[in-house]
Amino acid sequence: MKSYWKIGDIANLTGLTVRTLRFYDQIGLFSPSEHTESGHRLYNESDLSRLHQILSLKELGLSLEEIKSVLTGGQISPLEIVNLQINRVKEQIKLQQKLLEQLEHVSKLMQGKAQLTVEDFTSLLQAMKMSFEKLVIERQTIWERNLDLLGDFLAEETMPKPKEEKQ
């Protein structure tokens with residue numbers, strides 16, 4: 001027995017908006033495998049698997065165009081995508097673990113009414129900075145890529161089009 005989900009169900013499951021899902025369909029990134037007689041989108045399990053791949057690659061910082069290229073070109077398997085995601089989460093956990101250790105150390109010192117040293121504060125600030133910098137660098141990279149794409153698009157729009165030759 002096949003299970004199907006409507007677009008609203010997919011939106012609720014993923015946190016994406018219906019509008020985003022429709023846009024993904026429009027650009028050919030994520031389309032439903034079925035439609036009802038009245039034209040409503042119906043998604044199956046393999047569609048959900050593809051959406052997981054899309055969201056994982058997006059989380060890794062790829063643009064929608066890059067994601068589409070990766071998925072249609074078969075350059076990366078679903079297993080590789082999951083492994084990339086695992087590695088990223090492990091890296092985030094390490095950074096957060098380091099920050100947690102520093103915070104616990106400072107907390108113990110404060111509870112014992114011990115004098116905090118400059119080294120205690122600098123270690124804590126370094127752990128906070130590393131965690132924060134990683135996030136900022138990832139976001140900056142994504143913004144730069146998007147601005148480059150926007151710049152390319154605007155350059156194409158403002159370039160004068162060649163005049164057609166009269167014959």
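**Sheet and first helix**

Visitor: How are the strands of the sheet ordered?
Guide: In this predicted model, three strands form an open, antiparallel sheet in the order β1-β3-β2. Strands are DSSP runs of E, at least two residues, and helices are runs of H or I, at least four residues, numbered from the N terminus. Two strands pair if DSSP finds at least two bridges between them.

Visitor: Which strands stand at the edges?
Guide: β1 (5-6) and β2 (34-35); each has a single partner strand, so one side of each lacks a neighbour in the sheet.

Visitor: And how many bridges join β1 and β3?
Guide: Two, in the antiparallel sense, with β3 covering residues 41-43. Trp5 stands opposite Tyr43 in β3.

Visitor: Switching to α1. Which residues are buried there?
Guide: Ile7, Ile10 and Ala11, in a helix of residues 7-14. They sit on the same side of α1, because their arc around the axis is only 100 degrees, taken from the directions from the helix axis to the C-beta atoms. Buried means under 20% relative accessible area, exposed over 50%, partly exposed in between, with a 1.4 Å probe and protein chains only.

Visitor: What's on the other side of α1?
Guide: Asn12 and Leu13, which are exposed there.

Visitor: What covers the buried residues of α1?
Guide: The cover includes β1, α2 (18-26), β3 and α3 (45-59), by contact, meaning heavy atoms within 4.5 Å.

Visitor: Any ground rules?
Guide: Residues are numbered from 1 along each chain as its sequence is written. Local features need pLDDT of at least 70, side-chain atom pairs count only at pLDDT 80 or more, totals for chains, interfaces and linings use all residues, and side-chain values use heavy atoms, without hydrogens and water.
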